[in-house]
Amino acid sequence: MARRPLRIGTRGSPMALAQTGMVRDRIAAAHPDLAEPGAMELVVVTTVADKVLDRPLSEIGGKGLFTKELEQALLTDQVDIAVHSMKDVETWLPDGLVIACILERDDPRDAFLSPRANSLATLAPGSRVGTSSLRRGAQVLMHRPDLTIVPLRGNANTRMKRLEEGACDATLLAIAGLERLGLADRAQEILPVSAMLPAVAQGALGIECRAGDTEVIARLQAVACPTTTIAVGAERALLEELDGSCRTPIAALAQIDGDRLTLDGILFLPDGSTHWSTHRTGRVADALAIGREAGAELKAKAGETYRAKLQ
Ligand SMILES: NCc1[nH]cc(CCC(=O)O)c1CC(=O)O
């Protein structure tokens with residue numbers, strides 16, 4: 001029986017296309033009928049994040065920049081599913097849409113790239129680190145207050161090109177993204193999470209779809225990773241409690257070992273001068289509550305300072 005193809009929405013950046021291709025292949029491996037020629041189709045959707053290149057995203061607005069047009073394409077029935085880096089997905093989804101599944105997480109850490117040094121620690125004093133991520137900038141300055149943070153925008157390939165052209169002396173990128181691009185060898189160093197705590201959900205891909213598409217949702221469970229879903233759920237609960245946006249430098253990572261979950265979270269001032277941390281351990285079954293409590297703890301600790309300095 002001829003069916004309508006499953007239309008997969010994706011951003012058009014090289015990283016987005018690479019990861020959407022991986023997700024499509026996983027779906028095909030789980031569902032032989034979808035592996036048939038023409039059973040799935042990629043639809044490239046241009047997002048604000050792909051267009052506006054001259055200002056830091058933290059100035060333009062929230063994370064929605066990476067996902068809004070894809071969500072619009074879902075709501076207007078131009079695509080059936082949308083593949084996202086979960087890091088880019090806001091904690092509040094538009095009415096009628098759900099994250100149907102989260103896939104197994106890749107390495108959540110950040111990589112250090114530089115033509116001038118093989119580690120962040122040995123980068124010459126006064127060097128310029130290009131990043132528009134307030135989270136990365138704050139953590140770099142915590143370890144190396146002598147360095148200067150300069151804005152560096154664009155997709156991963158653009159940023160690597162600008163680094164080579166000398167726009168900055170070093171940059172940081174998610175190793176998961178570099179691996180998907182086949183460019184992990186560009187990393188001089190992978191920073192330990194103790195030195196550079198990742199963004200909420202970094203390294204995890206998710207699939208969004210219409211809440212009413214129960215058959216699609218059911219079929220996507222074949223590519224879901226229960227452990228990652230729980231870990232990312234805890235991290236997103238922390239973020240939601242803090243009302244985090246691109247303007248607020250927040251890092252969080254949940255790790256699961258058997259039935260125990262450990263959640264680390266840090267809230268920074270962008271200049272790296274101050275930070276507040278939380279470290280909680282509990283039962284995997286309590287993941288969301290642990291996330292909310294950790295977020296509330298950070299909010300209480302940072303208190304007035306946080307609200308005053310971040311608008
Ligand atoms: N903000 C863009 C973005 N969104 C997700 C990733 C990395 C891949 C991932 O976390 O799955 C990146 C690039 C980067 O931060 O280096």
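Here is a short exchange about the ligand site and a pocket of this predicted model.

Residues are numbered from 1 along each chain as its sequence is written. In this predicted model, local features need pLDDT of at least 70 and side-chain atom pairs pLDDT 80 or more, totals for chains, interfaces and linings use all residues, and side-chain values use heavy atoms, with hydrogens and water left out.

Student: Which residue has a polar backbone atom 2.8 Å from an oxygen atom of the ligand?

Tutor: Let's go through the polar contacts, pairs of N or O atoms within 3.5 Å. The side chain of K87 places an N or O atom 2.5 Å from a ligand oxygen, and a polar side-chain atom of R136 lies 2.9 Å from one. The backbone contact at 2.8 Å belongs to G203.

Student: How many charged residues does the shell around the ligand have?

Tutor: Residues surrounding the ligand, with a heavy atom within 4 Å of it, include D88, R159 and R180. Asp, Glu, Lys and Arg count as charged. Beside 3 nonpolar and 3 polar residues, the shell's charged residues number 5.

Student: Which helix gives the largest share of the lining of the second largest pocket?

Tutor: Happy to help! A pocket is an open set of 1 Å grid points, over the protein atoms alone, where a 1.4 Å probe fits, with protein on both sides within 12 Å along at least five of seven lines; lining residues have an atom within 4 Å of a point. Here 15 residues line it, with R3, R4, L6, L34 and V216 nearest its centre. Helices are DSSP runs (H or I) of at least four residues, numbered from the N terminus. With 4 residues, the largest share comes from helix α8.

Conventions. Helices (H or I, at least four residues) and strands (E, at least two) are DSSP runs, numbered from the N terminus. A polar contact is a pair of N or O atoms within 3.5 Å; within protein, one must be able to donate a hydrogen and the other to accept it, and residues adjacent in sequence count only if both atoms are side-chain atoms.
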